[in-house]
Amino acid sequence: MRFTWSKAISVHIDLIDEQHQNYFNISNRLYDLMQNYTEKDELKLHILFDELLNYAFYHLASEESFFEECHYEETYVHVKEHDAYRKKMIDFRQKIRESDTDKRHIGEQAQVFATSWLIEH
């Protein structure tokens, strides 16, 4: 699922909004790759998925630091949500790296999950 940024999902914190926009940009690139995915694109899939994963983990760590600085009351609940996201994305990465998986299917599932999760989060 492709995503277009809108102010409707803004958290009104410039740094976090910018990170969200970058995250969606990477996710959209993964979406584009998966639309016409063939076996010759496997290396691109690994690289792009790892870019999304690494950026997401960086972003979540940024948010968590922000929570601490602001003494955010819902930090514990929010971090648990982040941890569940981290686990699911690591599971996707493992599946993508397995030789006997349908990489297109897993890549599409991962991209939809990643985009939907941030929108709903």
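1. In what follows, a helix is a DSSP run of H or I covering at least four residues, and a strand is a run of E covering at least two, both numbered from the N terminus. On that basis this predicted model reads α-α-α-α along the sequence, with four helices and zero strands in the protein.

2. On overall dimensions, the radius of gyration of the protein is 15 Å, which agrees with the value near 14 Å that a compact globule of 121 residues would have. Taken along the principal axes, the box filled by the C-alpha atoms is roughly 45 × 25 × 20 Å.

3. Among contacts with a separation of 6 or more, 69% join residues 24 or more positions apart, and 39% of the 121 residues are buried.

4. Helix H3, residues 75-97, deserves a closer look. Its 23 residues should span 33 Å at 1.5 Å a residue, and the end C-alpha atoms are indeed 33 Å apart, so the expected and modelled spans agree.

5. The buried residues of H3 are His78, His82, Tyr85, Arg86, Met89, Phe92 and Ile96. An α-helix has 3.6 residues a turn, so residues three or four places apart point the same way. The buried residues of H3 pack against three helices, namely H1 (14-35), H2 (42-70) and H4 (103-120).

6. Turning to the surface, the protein exposes about 7400 Å², of which carbon and sulfur atoms supply 52%. The protein carries 23 negative and 14 positive side chains, and the centres of these two sets lie 7 Å apart.

Technical notes
Residues are numbered from 1 along each chain as its sequence is written. This is a predicted model: local features need pLDDT of at least 70, side-chain atom pairs count only at pLDDT 80 or more; totals for chains, interfaces and linings use all residues. Side-chain values use heavy atoms; hydrogens and water are left out. The radius of gyration is taken over C-alpha atoms; the globule rule is 2.2 Å times the number of residues to the power 0.38. Buried means under 20% relative accessible area, exposed over 50%, partly exposed in between (1.4 Å probe, protein chains only). Contact means heavy atoms within 4.5 Å. Accessible areas come from the Shrake-Rupley method with a 1.4 Å probe; for residues, only the protein chains shown count as cover. Lys and Arg count as positive and Asp and Glu as negative; His and the chain ends are not counted. The place of a charge is taken as NZ of Lys, CZ of Arg, CG of Asp or CD of Glu. The expected span of a helix is 1.5 Å times one less than its number of residues.
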